[in-house]
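Thank you all for coming; I would like to take a few minutes to go through the interfaces in this model, one at a time. Please have the sequence and the structure open while I talk.

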Amino acid sequence: MRYTNILALLPALIVLPVSAAQAEAYPSTYSPLPSDATLITRATILTGTGERLEDASLLMSGGKIAFVGEGDVPAGVTTIDASGRWVTPGLIDAHSHLGVYPSPGVKAHSDGNEATKPATPNVWAEHSVWPQDPGFSRALAGGITSLQTLPGSANLFGGRGVTLKNVYSTSYQGMKFPGAPHGLKMACGENPKRVYGDRKQLPSTRMGNVAAYREQWIEAQKYIADWSAYEKKLADGKEDATPPKRDLKLETLAGVLKGEILVHQHCYRADEMMTILDMADEFGYKVTAFHHGVEAYKIADVLAEKSVCGALWADWWGFKMEAYDGIQENIALVDRPEGSCAIVHSDSGEGIQRLNQEAAKAMSSGNRAGLNITPERAIAWITSNPARSLGIDEQTGSLEAGKMADVVIWSGNPFSVYAKANQVFVDGALLYDRDNPDLQPVSDFELGQLQGVSK
Amino acid sequence: MNTLKTIFIATLAAFSIAAQAQTIMIRGATVHTMDEEGTLENTDVFISDGKIQKIGKNLAVPADIYVFNAEGKPLTPGFFAGVSSIGITEVSAVEESYDGGLALDEIRPEFNVVPAYNPHSSLVPVTRIEGFSFTLLGADPKGSIFGGQGRMVALDGGYESFFGGAVLFINVGRDASSLSGKSRAGQWMLLNQAMNEADNPPVSTESALLTRAGRGTLSVFTDSGKVVFDVDRASDILETLRFANKYGLDAVILGGAEAWMVAEQLASANVPVLLNPLVNLPGNFDSLGSRLDNAAILEAAGVTVAISGAGSHNARKQRQMAGTAVSYGMPHAAGIASLTSNPARIFGVEDQQGSIRRNMPANVVLWNGDPLEVTSAAEVVIINGKLIPMESRQTKLRDRYLSENPEMPRAYIKP
C-alpha cells in the first residue's frame, strides 16, 4: 500500500505538527508597495492564458488586475498609452540562485550548496538568501516579478527552495511570496555521485543515488507513522503520551509525502527521470517539475501524461556528460503534447535577465522544426507555467481579473533581442521604470562604488 | 527560398565531410560586404574554386551549379565564434576530452593548443550551422598566468584549416591571482621577469622562470603576433597597456568588463577589446563597473570591438550577445562588424575571413532575417567555398524524436 493511501485514512481533525511548524516558521512579511490605479491602453496583450489581444486595455487597481480587454474605468486613474508596445504578465523564473549565490560571487557568498552530506532536506534556501544581491535589480529590469530561489544540486536532497517577490527588502521575509508552498530541491545524476563519490562516500553511482533516496523516504514514512500513532494516543485520551522527536530533515520529506511541499527535481537524462517517476509512485508523492532535463524531449509524452513540468534551458548543452544530448527544440517538444507544462528557466544571473529572449529562441527553434508555436502560447513558458510549478498560479502568472497586478510593459514584441521591459509592476506598484532613474533600485552593495567614475 | 534551394538542400546530406569547394550562385541578396562597398541591395555573389569570384547585379548563371535565390535576405560574412575550445573540447566536465589548458605548475608560454584540434568534434557542426565560420582557439591558464598559444581555425571540418599567426594568451587580475603568489602585483613581477629572461637568458637555470623554448616564444611576440590579455578591471587594463608598450607587445584585451572606463586610453593606444556584452553584474571586485553599453561606449570612442565569451558549446550565443550590444546603443552595422570584420582585422586575418570581397575565400552566410535577432537563423552556410550540410548531432537527435509514436524503438530511426 502506498503511503498516500494511509494518510487518506487519517481522521481529518488530526493536525500533524509537521504542517503547523511549516506554516508558522519564518513567515512572509511582504506587503504590496503603494500603487496608483493604472490603466494601460492600446497595447498588444499576451495574457499568459493563450490569448493575444490587440489594441487592448488593462486596468490595475488596489494591487490587483481589475480587467483585461475592456471594462469600467473609474475616474482619476493614471493612464499609460502603450501604443506599439506589448504587455505581458510579470515573468517568473522557477529556477534561480539569486540570493544564495549572489554577486559578487566571492567564497564568503557561496551559500547555495550544503555539500557536507548527500541528504540535507533540513536546510532552507531562504536562510541563505542575501536580500542585497544586485542580481535582483537586474532581473527586475528584465521583467522578473517572482522567482524561486533553490539550493544547489550537490546533494540528493538539497533542501527547501523559497519563492520570492522580486522586491528589495532588508530581509528575505520581506520578499517571501505570501502563501507560496515550499519547494524541495532534489538532484539526480552526476552531481551528487561526483561530490560524494570523490570522497569515497555513498553515493558514488547512479544506483547509489537511488538507494540513498529510497532509504530517506522509508524513514519519512516511519516518521509520519510515529506521529500518527502519537496523535492517535492523544485522541484516545492518553495525555501522557510522549511525542516523537522533531526532525527537520524528516519534516521536509513528510511534507512532500503529504503533498504540501513541491518537488523540484534536477535531472538531465530521460532514463533517470523515468526512474525518479517510478520512485515517486513507490512512495506516493508527485514530482512537480524536472529541472534542466536536457533529455526531456525524449519523454515529452510521459511528462504531459503525468502532469509534470519541464523547467528547461533554450540551448545549454555539453558542459557535462549528462548534458550531451541537449537540443534547441527541447522546450518546444516538451510543449507539444496535450496537457504539457513547458517552462523556460534560467539557473543563471544572466539568463534571468532575458527569459523572454530564451523563450524566443526556443519558440523559433520549434517553429523551424514545424511545430507552429505562437507568442501567445510561448509566453506561458515564462509566466503561467512556472507559476503552476511554484503553486502560485491562483495568484499570479497570467493577466486575469482578480490576480496580482504583476505586469510588464515591453518596448515591443518581447520575443526579440531588441525588446526591453519599459515598466514593471509588482502587485500594481511601479517598481521599475527604464525612463526614470528614480525607479531603478540599487542594492546596498552597489551604492557608492566606483567613486570618481562618471557613468 | 525557391524550390531550387529545397532541391539542393535535400542533396546536401549526401556530401562527404571532405566536400570539395563548389560552384555556387547566391542571387538577389542584401550583401553586407563589411568592406568599403558597404551594404549592397539585390546583389548576386558568385563562388567557385573556394573563392568569391564576382559580386554584382544580374550575374550570368552557368549551368549545373548551386543557386540560392535570396529574395533580399541578408548575406553576411561568416561569423566569429569568439575565443573558444571548439574542437579542443567535447564535454567540458569530461577531463580527458578537454585539451585547452596546460595544468603543469610551470610558466610555459610555448604551449600551443593547435595540435589537439579535432575537426570531427560534434561542436564543429553544431556551431557552424548557426552561421559561424571561424573561431580563435584559446589557451586557458591552468598552471600559470601564461595560458599558452592558440590560432584561428575555419570551421569547415578540415584537419589543416588553421590560418593567421599564433596568438599568446595571458591572464591578469583576479582570475590569475592564485597563479601568481596570490597577488596581482605578483603577476606584473612575474611577467616582467619572464620578458626580461626572453631578452637576457639567466646564467643559472635554477632560478629561471622559462624554458629555452619559452624564451623563444616570448621573443617572437616582441616582434610580431597578437598577445591577448584576459583582464577586466580598469586599473589592470591600464597596467596592461603600460606593460605591452614597454615590451613592444601587440595587445588585445579579452573580457574588459570595465574597459569603458578607459575607452580613451584604449583608443589612443589602438588596442582592441574582445568582450561579452551580456556582462552587467558585479560578479567580482574586478567588474564592479560592468554595464550593458560597454560595447557601445567603446565603439563610439573609436575602440575596435569584437564579441567573445559565449564559450565553446554555446558559441552560437555570440549572435544574441552582439544583438544585445546593439540593443544597448551600438549601431547595427557595428554589431555585425563585431562578429565579422573586426575580429578579422584585430588578428590580421582580414584576407581570410570577415568580409565579402572579390578573390577572398568564400565565407558567407545567408540568413532568414536580421542576423543579430534571436528569432533568426542561418539558411545557407559556406565556409572556404564549401556548402555546409545543415546537420549536426543535435539536428539528428531532433529528427529522431520529432516523429510521434514510432512503431520501432527510436534506435532504428537514423536521420
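**Interfaces within and between the chains**

Let me begin inside chain B, where the area buried between domain 1 of chain B and domain 2 of chain B is about 2500 Å², with carbon and sulfur atoms giving 61% of it. Of the area that domain 1 of chain B buries against domain 2 of chain B, 26% is supplied by Met34(B), Leu372(B) and Ile383(B), which is more than any other three residues supply. I should say at once that this is a predicted model, and what I report is computed from it.

As for the bounds, the domain assignment of chain B gives domain 1 as 1-78 + 355-415 and domain 2 as 82-353, and the centres of these two domains, taken over C-alpha atoms, are separated by 28 Å in chain A's counterpart pair and by 30 Å here in chain B. In chain B, 32 residues of domain 1 are in contact with 33 residues of domain 2.

Turning to the polar side of this chain B interface, the rule finds 1 salt bridge across it, and Lys386(B) forms a salt bridge with Asp156(B), with the closest N and O atoms 3.1 Å apart. There are also 10 residue pairs in polar contact between the two domains of chain B. On the domain 1 side, the elements that give two or more residues are strand E5 (74-77), strand E16 (364-367), strand E17 (378-383) and helix H11 (393-402) of chain B, and by class the residues of that side divide into 17 nonpolar, 9 polar and 6 charged.

Now to chain A, for which the assignment gives domain 1 as 31-90 + 398-455 and domain 2 as 91-396. Here 33 residues of domain 1 are in contact with 36 residues of domain 2, and the two domains of chain A bury about 2800 Å² between them, 65% of it on carbon and sulfur atoms. Across this interface the rule finds 3 salt bridges, and Glu446(A) forms a salt bridge with Arg138(A), the closest N and O atoms lying 2.8 Å apart. The polar contacts between the domains of chain A come to 12 residue pairs, and on the domain 1 side strand E15(A) gives the most, with 4 residues.

Before leaving chain A, where does the disulfide partner of Cys188(A) lie? Cys188(A) is joined to Cys267(A), S to S 2.0 Å. Cys188(A) sits in the loop between strand E9 (183-187) and helix H4 (190-197), while Cys267(A) is in strand E10 (residues 262-267), so the pair ties together parts of chain A that are 79 residues apart in sequence. The torsion about their S-S bond is about 110°, so this disulfide is right-handed.

Finally, the contact between the chains takes 48 residues from chain A and 48 residues from chain B, and the two chains bury about 4200 Å² between them, with 55% of it on carbon and sulfur atoms. Chain A and chain B share 4 salt bridges, and Glu350(A) forms a salt bridge with Lys317(B), the closest N and O atoms being 2.7 Å apart. The rule also finds 25 residue pairs in polar contact across the chain interface. On the chain A side, helix H10(A) gives the most, with 6 residues, and the residues of that side divide into 19 nonpolar, 13 polar and 16 charged.

How values were computed: Residues are numbered from 1 along each chain as its sequence is written. Chains are lettered from A and ligands numbered from 1 in the order in which they are written. This is a predicted model: local features need pLDDT of at least 70, side-chain atom pairs count only at pLDDT 80 or more; totals for chains, interfaces and linings use all residues. Side-chain values use heavy atoms; hydrogens and water are left out. Domain bounds come from an automatic or database domain assignment. Contact means heavy atoms within 4.5 Å. Buried area is the accessible area (1.4 Å probe) that two parts lose on being put together, summed over both. A salt bridge is a side-chain nitrogen of Lys or Arg within 4 Å of a carboxyl oxygen of Asp or Glu. A polar contact is a pair of N or O atoms within 3.5 Å; within protein, one must be able to donate a hydrogen and the other to accept it, and residues adjacent in sequence count only if both atoms are side-chain atoms. A disulfide is a pair of cysteine sulfur atoms within 2.5 Å. Ala, Val, Leu, Ile, Met, Phe, Trp, Tyr, Cys and Pro count as nonpolar, Asp, Glu, Lys and Arg as charged, and the others, Gly among them, as polar.
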